[in-house]
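Got the model loaded in your viewer? Keep the selection panel open and follow along, one stop at a time.

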Amino acid sequence: MTATLSPDDNPPTLPAAGTLYGLPELAEAVANAIRLEEKHRALIERLESAILRQSQEAADSARRAGFGKIDAQNAGTKMDVKVRNDVRKISEDDRWTILRQLDALASGLSASDSLWASPVVALARMGLGTDKRTNHMAQLSGAGPAELKTAAMLAAATLDRVLGASVASLLDRMPAKQRIASPQELADRLIGDDVRQARAAIAAIKQAHQRALNADREFASGRRNATARIASALAERDSAMNAGAAVEAE
């Protein structure tokens, strides 16, 4: 009989290929993501301002023609929909040029996201393929508990990540009850701060990308209650005009 694998037996798939970013590269990527998000937000604000201005003008025109407050606001809302459709089409290339750049930054994080997943994962790749790592593994392969514990303490004291990676690899192969040190604690001591910085940077890039997408969808749909927005803008303007008139009267 030939054994077959059930779907549940399949090994997990590897993450998509990508570039592993170090902390300097991640910091630069965060700066770029923030810059692009701010550029997109500034563009949206200019477009919204243009739409609002024309909507207010339509509402004002209706009010001057003798329409009531509600009818004037409705006229502004209708203009908002019309102008938004036009502006959305005209601005599509500019908006999506920025969004595509943000998407490229976020999409390029797949390898970094996986290889900075935890201190244990990050430490495990320290010195891979180097003579130093190979020599440490050879020297410690037959080490007893006392020698292995000493190596772990030395790695933590000297912040030797390659030695720590070798020790953690050997500890990971041992039954949990026989381990003389915690590979998780060792990894956190040696590279935990870097991992937390990397995770924060990766999250910041993804969040900037998502915020820009959300803002663009909101702009395109105009689902922020255009009537309330126009009414508020008109009220603020009238209030400012009234305040100015009061100051002149004094």
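Start by selecting Leu 159, in the loop between helix H6 (145–158) and H7. A word on labels: helices (H or I, at least four residues) and strands (E, at least two) are DSSP runs, numbered from the N terminus. Everything here is a predicted model, where local features need pLDDT of at least 70, side-chain atom pairs count only at pLDDT 80 or more, and totals for chains, interfaces and linings use all residues. Residues are numbered from 1 along each chain as its sequence is written, and side-chain values use heavy atoms, with hydrogens and water left out.

Check the backbone at Leu 159: phi is positive, about 55°, although this residue is not a glycine. Most residues other than glycine have a negative phi. Is Leu 159 buried or exposed? Leu 159 is exposed, with a relative accessible area of 56%; buried means under 20%, exposed over 50%, and partly exposed in between (1.4 Å probe, protein chains only).

Now show the helices on either side of that loop. H6 and H7 pack at an angle of about 145°, their axes 9 Å apart. Axes here are lines fitted to C-alpha atoms, for helices over the stretch in contact, and angles run from 0 to 180 degrees between N-to-C directions. The crossing of H6 and H7 is left-handed, meaning the near helix is turned anticlockwise from the far one by less than a right angle (clockwise would be right-handed). Turn on side chains: Leu 148, Ala 151, Ala 152, Leu 154 and Ala 155 of H6 meet Leu 163, Gly 164, Val 167, Leu 170 and Leu 171 of H7, where contact means heavy atoms within 4.5 Å. By class, that contact has nine nonpolar residues, one polar and no charged. Ala, Val, Leu, Ile, Met, Phe, Trp, Tyr, Cys and Pro count as nonpolar, Asp, Glu, Lys and Arg as charged, and the others, Gly among them, as polar.

Keep H7 (residues 161–173) on screen and add H5 (residues 131–140): this pair packs at about 45°, with axes 9 Å apart. H5 and H7 are therefore oblique to each other; angles under 35 degrees count as roughly parallel, over 145 as roughly antiparallel, 65 to 115 as roughly perpendicular and the rest as oblique. Their crossing is right-handed. Residues to pick out include His 136 and Met 137 of H5, and Val 167 and Leu 170 of H7. The H5–H7 contact divides into seven nonpolar, three polar and three charged residues.

Next, select H2 (residues 69–107) and H8 (residues 183–221), which pack at about 170° with axes 10 Å apart. H2 and H8 are therefore roughly antiparallel to each other. Among the contact residues are Trp 96 and Leu 99 of H2 and Phe 219 of H8; the contact splits into 12 nonpolar, three polar and five charged.

Still on H8, find Ala 203. Ala 203 is partly exposed, at 28% relative accessible area. Its C-alpha lies 9.3 Å from that of Asp 113, though the two are 90 residues apart in sequence.

Finally, zoom out and color by pLDDT, the predictor's confidence in each residue, from 0 to 100. The chain mean is 85, and 82% of residues reach 70 or more. Confidence is lowest in H9 (residues 226–249), at a mean of 55, and highest in H4 (residues 119–124), at 96. How many contacts beyond four places in sequence does the model have for residues 245–250? Zero, and pLDDT stays under 50 there.
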